[in-house]
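Got your viewer open? Let's walk through this one stop by stop, and I'll tell you what to select as we go.

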Amino acid sequence: MELSAKSEYALLALLEMSVAYKQAEPLQIRQIAAMHNIPDRYLEQLMATLRRKGLIRSQRGARGGYLLAKAPWQISILDVLNCIEGIESKLAQKPPPDGDLARSLIRSVWLEACKAANDVLRNYTLQDLCDRHQAYQQADVMYYI
C-alpha cells in the first residue's frame, strides 16, 4: 500500500479543517493550499470530491469556505481514502482463480495484509490526527531558562 499525493493532500486539508472545527470557521482553498504548498486547482478538485461524498460542506459568501460535514472523531482515515481512492471497493474484488496455486497463495496473503491495513485505518480518525498534530507541536516547543 502506498499513500498517493492525492490522498495525502486530502488528509492535510481535512486535518486543517479538523483543527478549525471548534471555531466553526470555514477555511478557504487558498489558505489550505498555502499552508501545505498544494496547487490551488488540484486542491479544488479534491475538495469537490470530498464535498460530493459528504465529508465536507461548503459555505458561500464573503466569509465562505469549507467545513467538515461531521465531527472529526466521526470521520476515519479509511473513509477519506475510500472517498479519494476507492480502496475498499478494490479490495472487495477477489482475484480470479487461474488454477495456479502459488499465485493464489500470494494473492490471499496480499488481501489479508490489505485487510489488516484497512482495519488500522478504520480505527484512526481525523480527531486522532489532530490530537497527534497538537502533541507534536507541543513537543517541538522548547523552553530555555
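Which residues of helix 1 are buried? Before you click, keep in mind that this is a predicted model. Now select Ser7, Ala10, Leu11, Ala13, Leu14, Leu15, Glu16, Met17 and Ser18: those are the buried residues of helix 1.

While you're here, try a ruler check on helix 1. With 15 residues at 1.5 Å a residue, helix 1 should span 21 Å, and its end C-alpha atoms are indeed 21 Å apart, so the two agree.

**Stop: Ser18**

Stay in helix 1, where Ser18 sits, and zoom in on that residue. Ser18 counts as buried because its relative accessibility is 5%, and the cut-off for buried is under 20%. Follow the side chain of Ser18 and you'll find the backbone oxygen of Leu14 at 2.8 Å. Next, show what surrounds Ser18. If you skip its neighbours within four places in sequence, Ser18 is in contact with Leu68, Pro72, Leu126 and Cys130.

**Stop: the aromatic pairs**

How many aromatic pairs does the structure hold? There are two. Select Tyr9 and Tyr42 to see one of them: the rings are edge-to-face, 5.7 Å centre to centre, with 85° between the planes. Tyr9 belongs to helix 1 (residues 5-19) and Tyr42 to helix 3 (residues 40-52), so this pair links distant parts of the chain, 33 residues apart. Switch on the surface and look at Tyr42: with 28% relative accessibility, Tyr42 counts as partly exposed.

Now pick Tyr21 and Trp73. This pair is edge-to-face too, at 6.1 Å centre to centre and 85° between the planes. Tyr21 is in the loop between helix 1 and helix 2, while Trp73 is in the loop between strand 2 and helix 4, so the pair ties together parts that are 52 residues apart in sequence. Check the surface again here: Tyr21 is partly exposed at 31% relative accessible area, whereas Trp73 is exposed at 54%.

**Stop: helix 2**

Move on to helix 2 (29-36). Colour Ile29, Ile32 and Ala33, the buried residues of this helix. They're on the same side of helix 2, because they cover an arc of only 100° around the axis. What do they pack against? Show helix 1, helix 3 and strand 2, and you have the packing partners of those buried residues. Then spin the view to the face turned away from the buried side of helix 2, where you'll meet the exposed residues Arg30 and Ala34.

**Stop: two loop residues**

Just after helix 2, click on Asn37. Asn37 has a positive phi of about 55°, although it is not a glycine. You'll find Asn37 in the loop between helix 2 and helix 3. Is Asn37 buried or exposed? Exposed, since its relative accessible area is 69%.

For another example, go to Ala24 in the loop between helix 1 and helix 2. Ala24 is not a glycine, yet its phi is positive, at about 55°.

**Last stop: the hairpin**

Finally, select strand 1 (residues 56-59) along with strand 2. The two strands pair in the antiparallel sense over four bridges. Look for Ser58, and opposite it in strand 2 you'll see Tyr66. Five residues lie between the strands of this hairpin, and there Gly61 takes a positive phi near 110°.

Technical notes: Residues numbered from 1 in each chain as written. Predicted model: local features only at pLDDT ≥ 70, side-chain atom pairs only at ≥ 80, totals over all residues. Heavy atoms only, no water. Phe/Tyr/Trp six-rings, centres within 6.5 Å; stacked < 30°, edge-to-face > 60°. Buried < 20%, exposed > 50% of the residue type's maximum accessible area, 1.4 Å probe, protein only. Arc of directions from axis to C-beta. Contact = heavy atoms within 4.5 Å. Expected span 1.5 Å × (residues − 1). Pairing = 2+ DSSP bridges. Polar contact = N/O pair within 3.5 Å; in protein donor to acceptor, adjacent residues only side chain to side chain.
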